[in-house]
Amino acid sequence: MLTMKSEAKGLIANGVSFCAGCGLELAARIILDVLGPNTVMVIPPGCAALLSGFGNETVTKIPGFQGNLENTAAYAAGIKAGFEMQGRGDIQVLGLAGDGATVDIGLQSLSGALERGDKILYICYDNEAYMNTGIQSSGSTPLSAWTTTTPGGKPVYRKDMVGIVAAHKIPYVATASVGYVDDFRKKVEKAKAATAVGPAYLHVHIPCPTGWGNKPAQSIEVAKLAVQSLCWPLYEIINGEEYKLTVPVAKPKPVADYLKLQKRFAGMNAQRTEELQAAVEKEHAHLMKKML
Ligand SMILES: Cc1ncc(C[n+]2csc(CCOP(=O)(O)OP(=O)(O)O)c2C)c(N)n1
Ligand code: SF4
Ligand SMILES: [Mg+2]
């Protein structure tokens, strides 16, 4: 294969058209760097579809398939079954889907694959809304966040998607963040290994400057603050029962520090910020009771 000097070394070429400061681009580069070329990727509509490219051009140097919003996991499971029939079960099949495609619209398909024990790796990149179609609220949009469909701030709590997946008792589940790359890479490696036995699921938090209203240069700072303020705890769950915190936060920062870098929380007053702080602490305390 002829390689241009300017070409990216990884499995995603230069020139991909994500917005400046997009956490998804970094996440996708990390994921494919760890998984390697023996991978086939299924992507539903959403921002990750940019990896498929336009027309007859693509930035992704592995085989891939863009399906529907409803059934990423079903497509991935079918492709994996086909490879296994051909004696090529070593090929990693990755479903890379947004929060809307995972938490809401593709949930039924994902649940079926997890129940069946299909040996696929499913990664949800969570930008906390339907971004590609204009920032609509999803089941993963956090309490009080502005979106075009929650102009006064989201009035209800997000779904506990990681808890829903863990309830299927699959071999490996973890949260991750592009703000903690070493932790993220290790989890992709563990998830890859777990698919020798059954399904693996990662839920990675990715800042989206376009939808969150943070400065593109501050995306990594925002991702780190989500973890340090306990809004996005980093942990893993083995076989649905062994919980392990992978990035302990000794001195949590106020949730307000995380919110103030993002315009989507600009409409919050002091009372709502306090309510959110209390809700985050309560949820975190509940999670800590499950840790080993
Ligand atoms: C059943 C169905 N409903 C709506 C759409 C339109 N649509 C395409 S991409 C998208 C947004 C998906 O959001 P998410 O999965 O969170 O990915 P993101 O755009 O945030 O990357 C929507 C609603 C669709 N393709 N299929
Ligand atoms: S809208 Fe958000 S997730 Fe989509 S490409 Fe832009 S920054 Fe990335
Ligand atoms: Mg989304």
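A residue counts as near a molecule if its C-beta atom, placed from the backbone, lies within 6 Å of it. With that cut-off in hand, I shall begin with the ligands of this structure, which is a predicted model.

Let me take ligand 2 to start. The residues around ligand 2 are F18, C19, C22, L24, C47, N127, M131, N132, C208, P209, T210 and G211. Which helix gives the most to this shell? That is helix 7, residues 209–212, with three residues. By class, the surroundings of ligand 2 comprise eight nonpolar residues and four polar ones, with no charged residue.

I turn now to ligand 1. Here the shell holds 17 residues, and the closest are G46, C47, G98, G100 and N132. Helix 3, residues 99–104, supplies the largest share, namely three residues. The shell around ligand 1 divides into eight nonpolar, seven polar and two charged residues. I would also draw your attention to C47 and N132: they are listed around ligand 2, and they are among the closest residues to ligand 1.

Next, the helix packing. Two packed helices are described by the angle between their axes and by the distance between those axes. For helix 1 (residues 23–35) and helix 6 (residues 181–194), the angle is about 45 degrees and the axes are 9 Å apart. Helix 1 is therefore oblique to helix 6. The crossing of these two helices is right-handed. On the side of helix 1, the contact is made by I30, I31, V34 and L35. Helix 6 contributes V181, F184, R185, V188, E189 and K192. Taken by class, the residues of this contact are seven nonpolar and three charged, with no polar residue.

Finally, the sheet. Strands of a sheet pair through backbone hydrogen bonds, in either a parallel or an antiparallel manner. In this model there is an open sheet of eight strands, in the order 2-1-3-4-6-5-7-8, and its pairing is mixed. Which strands stand at the edges? They are strand 2 (64–66) and strand 8 (242–245). Each has a single partner strand, so one side of each is left without a neighbour in the sheet. On average, neighbouring strands of the sheet are turned by 15 degrees against each other, direction ignored.

At the strand 8 edge, the partner is strand 7, residues 235–238. Strands 7 and 8 run antiparallel and are joined by four bridges. As for individual residues, Y235 has L245 of strand 8 as its bridge partner.

Key: Residues numbered from 1 in each chain as written. Chains lettered and ligands numbered in written order. Predicted model: local features only at pLDDT ≥ 70, side-chain atom pairs only at ≥ 80, totals over all residues. Nonpolar A, V, L, I, M, F, W, Y, C, P; charged D, E, K, R; others polar. Axes fitted to C-alpha atoms, helices over the stretch in contact; angles between N-to-C directions. Parallel < 35°, antiparallel > 145°, perpendicular 65-115°, else oblique. Left-handed = near helix turned anticlockwise from the far one by under 90°. Contact = placed C-beta atoms within 7 Å. Pairing = 2+ DSSP bridges.
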